[in-house]
Amino acid sequence: RDDVESRGLGDVYKRQLMNLLTKIMQFIHRILGTALSILFLVWFLSGLVMIYHTFPRADRADKRAKMDILSLENLPSLDQIEKRLPQNERISHVTLNSYLGQTVFHIRTEKGSYDIPADSTERLPVIDWNRIQRVASLWNTSSIAKVDSLYTLDQWIPFGRLKEEFPIYKFHFADPERHELYISSKSGEVLQYTDKNSRFWAWLGAIPHWVYFTSLRQDAELWIKVVVWLSGIGCVMCIAGIYLGIRDFRLARRRHLISPYKKFWYKWHHILGVLFGLFVLTFCFSGMMSLARVQDWGLKAKLDTNPVQELRKMAPSPLDYPLDYRAVIQAYPGQIRQLEWSSFGDIPFYIVQTDTKDIVVNANKSDGISLLNLRPEEIRSVLSQIHGIGTTADIKLLDAYDTYYISRKRNLELPVWKVSIQDVDNSCYYINPRNGQYRYVNTPSRWNHWMYPALHSLNLKFLVDHPVLWNIVMWGTMLGGTFVSLSGVWLAIKYIRRKARRKK
């Protein structure tokens, strides 16, 4: 008898606890849903636009196309350029290009950056109005409607670091596309280039989706905190909604119903919430993880050194490249817009940038021009200096995308060498033998992949390999989230109306 009574009392306490939990979840979901439903609706609608349109920018290809063709005439040796640097500064990186008739070496050392004209008799140009106009004419030959001098950031340059460029000149061109060009008065560099079409889609997509409003985005730290907190609170709302949805679904099944609600909006919010609630939660959580990292939560790499930093430290000095850079320019006459000194570990090469493509030239040989082609023994030699000579490294050639080397837009080149290292971080490298570019993956970066691009952009190998299926799944889940949010907005409006009537 005592056992029966104790079990009955335990059941009572259990029911009371479950009722209390349900009331708490109802309160959380109702309050947070009322506050965030419009935000979620905007996020899903703008996310559909983001599939096809992103925030406008003047990209590297556009800037490179405005450069002059490099000429071999009067180019000095790199040793002569070094003599014009402050003493005891080691050159770590060099880029060479010609712009508005002047050829300039862009030098980076351990202590700073320097722009040095190839001709020792020349000086760097003064950034005055005449030069600003010349730069603008390279980007658009249409007549200029007006020019604004900006001392505050605006919607298309909302980044706080650009305050150092004030005043910024904003050119409005009188062409059918209504182009707008932003040029720094300090460096003469183009900061942004937009047209009416890109601005229109940005207002519907990137700006509301990324919360790219100037007053907030110019403070990067505050912007990150706001987005992370909004997403985190949204996740709590979703978890409460999923709990209530499953609970109500179980209650409805006892009466052989799909939903216990009879009113249209309640019923469909419940049904769609059960079907798509998990996707809404994953989209919200992965959006938060786009700005947060698992490393911030304590999941850090276990290696004592950072392999990427170690690879960079191994880079030889540009002064020690066996192949003279002038031989490269001579081999590609009338084609090169920019020449860059680069390396993979201690293997040097030149990146030759032309109008149509990048050509990577092996700089480890002084006798003739040959394209870079990293071999397994070279890769093993470089990585053994980081992970130890006795470390086991499995190297194989991939001619298809891998779980952690994947791109829906197909902008990652194939084939690549996949190098798996047996260490505490399960290190893995994806190395392009033709251009020396690589991607390093370890345990934290794998978690970052699953928590952001895999969940948010559906960067999953099976879906990426089948683009039609990717579009079906993405559109299906996004529309499901949109209708869940839309019904939530209407229920929030009705809730606020009821509260207002009660107060009256």
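Where is the place of V211? Select V211 and you land in the loop between α6 (206-210) and α7 (214-217). Before you go further, keep in mind that this is a predicted model.

**Stop 1: two unusual phi angles**

Stay on V211 for a moment. Most residues other than glycine have a negative phi, and most peptide bonds are trans. V211 isn't a glycine, yet its phi is positive, at about 55 degrees. Is V211 buried or exposed? V211 has 11% relative accessibility, so it counts as buried.

Now jump to H256, in the loop between α8 (220-254) and α9. H256 isn't a glycine either, and its phi is positive too, at about 60 degrees. Here the relative accessible area is 74%, so H256 is exposed.

**Stop 2: two cis peptide bonds**

Select F166 and P167 together. The peptide bond that joins them is cis, with omega at about -10 degrees. P167 belongs to the loop between β4 (144-150) and β5.

Next, pick L414 and P415. The bond from L414 to P415 is cis as well, and its omega is near 0 degrees. You'll find P415 in the loop between β11 and β12.

While you're looking at prolines, click on P176. This one lies in the loop between β5 (168-173) and β6 (180-184). P176 has a relative accessible area of 64%, so it is exposed. Add S142 to your selection: P176 and S142 are 34 residues apart in sequence, and their C-alpha atoms are 9.6 Å apart in space.

**Stop 3: aromatic rings**

Time to show the side chains. How many aromatic pairs does the structure hold? There are 28 of them. A pair of aromatic rings is described by the distance of the centres and the angle of the planes.

Start with W139 and Y193. Their rings meet edge-to-face, 5.3 Å centre to centre and with 65 degrees between the planes. W139 sits in helix α4 (residues 129-139) and Y193 in strand β7 (residues 190-194), so this pair ties together parts that are 54 residues apart in sequence. Both W139 and Y193 are buried.

Then try F264 and W265. This pair is edge-to-face too, with 5.4 Å between the centres and 90 degrees between the planes. F264 is exposed, with a relative accessible area of 52%. W265 comes out at 29% relative accessibility, so it counts as partly exposed.

For a bigger selection, choose F55, W156, F159, W203, W210, Y212 and W223: ring pairs link these residues into a cluster. Keep W223 on screen and add R217. The charged end of R217 sits over the ring of W223, 4.1 Å from the ring's centre. You can see another such arrangement at R408, whose charged end sits over the ring of W470, 4.0 Å from its centre.

**Stop 4: a serine in a helix**

Go to helix α16 (residues 467-503) and pick out S487. At 2% relative accessibility, S487 counts as buried. What does S487 touch, leaving aside its neighbours within four places in sequence? The answer is W265 and H269, and you have already met W265 in its ring pair with F264. With H269, S487 makes a side-chain to side-chain polar contact of 2.8 Å.

**Stop 5: a four-stranded sheet**

Switch to a cartoon view. Strands of a sheet pair through backbone hydrogen bonds, either parallel or antiparallel. Trace the open sheet in the order β11-β12-β13-β14; its pairing is antiparallel. Which strands are at the edges? They are β11 (393-398) and β14 (438-441), each of which pairs on one side only. On average, neighbouring strands here are turned by 15 degrees against each other, direction ignored.

Zoom in on the middle. Strand β12 (residues 416-421) and strand β13 (residues 428-431) pair in the antiparallel sense over four bridges. Look for S420, which stands opposite C428 in β13.

Now bring in helix α12 (residues 376-387). This helix lies across β11, β12 and β13, at about 35 degrees to β12.

**Last stop: helix α13**

Finish by selecting helix α13 (residues 443-451), where P444, R446, N448, H449 and M451 are buried. What covers these buried residues? The cover includes α9 (264-289), β13, β14 and α14 (453-456).

Methods:
Residues numbered from 1 in each chain as written. Predicted model: local features only at pLDDT ≥ 70, side-chain atom pairs only at ≥ 80, totals over all residues. Heavy atoms only, no water. Pairing = 2+ DSSP bridges. Helix = DSSP H or I, 4+ residues; strand = E, 2+ residues; numbered from the N terminus. Axes fitted to C-alpha atoms, helices over the stretch in contact; angles between N-to-C directions. Contact = heavy atoms within 4.5 Å. Buried < 20%, exposed > 50% of the residue type's maximum accessible area, 1.4 Å probe, protein only. Polar contact = N/O pair within 3.5 Å; in protein donor to acceptor, adjacent residues only side chain to side chain. Phe/Tyr/Trp six-rings, centres within 6.5 Å; stacked < 30°, edge-to-face > 60°. Lys NZ or Arg CZ within 6 Å of the ring centre and 35° of its normal.
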